[in-house]
Amino acid sequence: MKFKALQTIENNGQYDNHIVERDLVALQAGEVWVKVDYSSLNYKDALSASGNKGVTRVFPHTPGIDAAGTIFASASEEWKEGEDVLITGFDLGMNTDGGFAEYVKVPSAWLLKRPEGLTARESMIYGTAGFTAALSVQALVKHGITPPHGTIAVSGASGGVGAIAVAILAKLGYTVAAISTKESARDFLLSLGASEVIARAELEDQSGKPILKPRFAAAVDTVGGLVLSTLLRSTKYGGAVTACGMVNGGDIPITVFPFILKGITLFGIDSVELPLEKRPQVWNALSAEWKPDNLDMLASEISLDELPASIERILKGQMKGRAIVRL
Ligand SMILES: NC(=O)c1ccc[n+]([C@@H]2O[C@H](COP(=O)([O-])OP(=O)(O)OC[C@H]3O[C@@H](n4cnc5c(N)ncnc54)[C@H](OP(=O)(O)O)[C@@H]3O)[C@@H](O)[C@H]2O)c1
């Protein structure tokens with residue numbers, strides 16, 4: 001049986017994305033076939049689709065770290081045909097053919113039952129970005145940060161993780177400062193629930209001061225580098241900052257002082273290898289009390305054919321919200 005997929009093909013060191021027809025028997029991993037209704041575009045997909053060997057070693061390859069759909073066939077006792085499922089992370093779309101295709105085949109241990117309060121489309125508006133935003137918010141909540149503590153900063157706020165973090169935090173009653181490079185995203189971020197929008201340049205402190213004036217109760221950082229350093233140095237006593245990304249750089253120029261003089265905690269967030277048993281609690285919150293009323297306004301829906309152009313845009317940091325892929 002044939003199906004359509006995006007495939008990244010290597011040609012003399014160049015990587016091109018094409019829509020191709022594949023055969024179902026060519027899918028190798030796992031024991032469960034899923035008919036994909038929706039996938040979504042994450043920064044990591046764009047890295048895979050542009051030949052980043054840190055993400056994908058062997059080409060041709062189909063990226064797509066997220067997929068939501070219905071079990072089409074199963075050789076696993078656990079999963080039955082017709083069940084609604086979602087997959088985020090593990091090896092999907094990295095070195096296993098991913099969700100930018102009408103079908104995926106995966107190990108049963110990667111599958112989650114889709115919560116009743118979420119459609120397949122909504123689950124992919126979240127996708128890995130939303131799941132990561134929720135893990136970041138969960139870390140701050142568990143740390144004991146509550147709305148009266150003060151403003152929560154969110155960097156890379158117009159991107160996937162950032163925009164969803166802004167929306168969830170606002171839904172939970174926090175005051176949110178959205179940090180963005182895009183003046184054009186101001187209205188979008190305010191309508192998601194941010195109270196103020198701060199230009200990223202303001203959060204790239206080059207003074208070298210080990211500690212800055214306390215400004216935020218906590219922060220969700222999605223970009224890393226100097227922005228993460230500035231957030232850690234600007235957080236009030238006992239606060240916390242989560243780190244999940246590195247588009248602004250992999251190094252953090254920082255001293256030990258914010259940690260030992262201000263009791264600041266830095267939480268590392270990983271959505272990829274998080275054990276399956278820890279996931280339903282987060283997805284259930286995303287399907288109910290954490291679900292932003294304006295979730296749909298985060299999404300622009302695209303087809304497989306429109307994906308290559310969106311991949312270029314996310315690589316240039318031009319995304320606003322989430323691109324979801326309709327299969
Ligand atoms: N640890 C995990 O499990 C995990 C999971 C998902 C994503 N991530 C990582 O989290 C990051 C964000 O992912 P995403 O899906 O939200 O990506 P995205 O949609 O592309 O958003 C990233 C945002 O960061 C800002 N930005 C872009 N280039 C930048 C630069 N050079 N310096 C500073 N800011 C820049 C832009 O927002 P503004 O213009 O508003 O500033 C951009 O929209 C990526 O690094 C991704 O790999 C990690």
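This passage walks through a predicted model, going from the domains to the ligand shell, the sheet and helices, and finally some backbone details.

Start with the overall layout. The protein chain splits into two domains, with domain 1 covering 2–114 + 295–326 and domain 2 covering 129–268. Domain 1 is thus built from two stretches of the chain. Going by C-alpha atoms, the centres of domain 1 and domain 2 sit 29 Å apart. The two do touch: nine residues of domain 1 are in contact with 11 residues of domain 2. On the domain 1 side of that contact, the residues sort into three nonpolar, four polar and two charged.

Both domains also have a hand in surrounding the ligand, as the shell takes at least three residues from domain 1 and at least three from domain 2. In total, 32 residues lie around the ligand, and those that come nearest are Gly 156, Gly 159, Ser 180, Gly 245 and Gly 317. Sorted by class, the shell holds 13 nonpolar, 15 polar and four charged residues. Helices take part here too: helix 1 (43–49), helix 2 (120–142) and helix 3 (160–171) each put at least two residues into the shell around the ligand.

Helix 2 has another partner besides the ligand. It packs against helix 7 (residues 279–287), with the two axes 10 Å apart and at an angle of about 100 degrees. At that angle, helix 2 counts as roughly perpendicular to helix 7. The contact of helix 2 with helix 7 involves seven nonpolar and two polar residues, with no charged ones. On the helix 2 side, the residues are Tyr 126, Gly 130, Phe 131, Ala 134, Leu 135 and Gln 138, and they meet Val 282, Ala 285 and Leu 286 of helix 7.

Now for the strands. An open sheet of six strands runs in the order 10-9-8-11-12-13, with parallel pairing. Its edges are strand 10 (196–199) and strand 13 (265–268), each of which pairs on one side only. Ignoring direction, neighbouring strands in this sheet are turned by 20 degrees against each other on average. Further in, strand 8 (residues 152–154) and strand 11 (residues 216–221) run parallel and are joined by three bridges. One pair to look for there is Ile 152 with its bridge partner Ala 218 in strand 11.

Strand 1 (residues 2–11) and strand 2 (residues 14–23) do things the antiparallel way, with 10 bridges between them. Across this pair, Thr 8 faces Asn 17 of strand 2. Strand 1 and strand 2 make a hairpin with two residues between the strands.

The loop of that hairpin brings up the backbone oddities. Most residues other than glycine have a negative phi, and most peptide bonds are trans. Asn 12, in the loop between strand 1 and strand 2, goes the other way: its phi is positive, near 50 degrees, although the residue is not a glycine. The second case is a peptide bond, the one from Phe 59 to Pro 60, which is cis with omega near 5 degrees. Pro 60 is found in the loop between helix 1 and strand 4 (66–74). Helix 1, at one end of that loop, is also among the helices that supply residues to the ligand shell.

Key: Residues numbered from 1 in each chain as written. Predicted model: local features only at pLDDT ≥ 70, side-chain atom pairs only at ≥ 80, totals over all residues. Near = placed C-beta within 6 Å. Helix = DSSP H or I, 4+ residues; strand = E, 2+ residues; numbered from the N terminus. Nonpolar A, V, L, I, M, F, W, Y, C, P; charged D, E, K, R; others polar. Domains from an automatic or database assignment. Axes fitted to C-alpha atoms, helices over the stretch in contact; angles between N-to-C directions. Parallel < 35°, antiparallel > 145°, perpendicular 65-115°, else oblique. Contact = placed C-beta atoms within 7 Å. Pairing = 2+ DSSP bridges.
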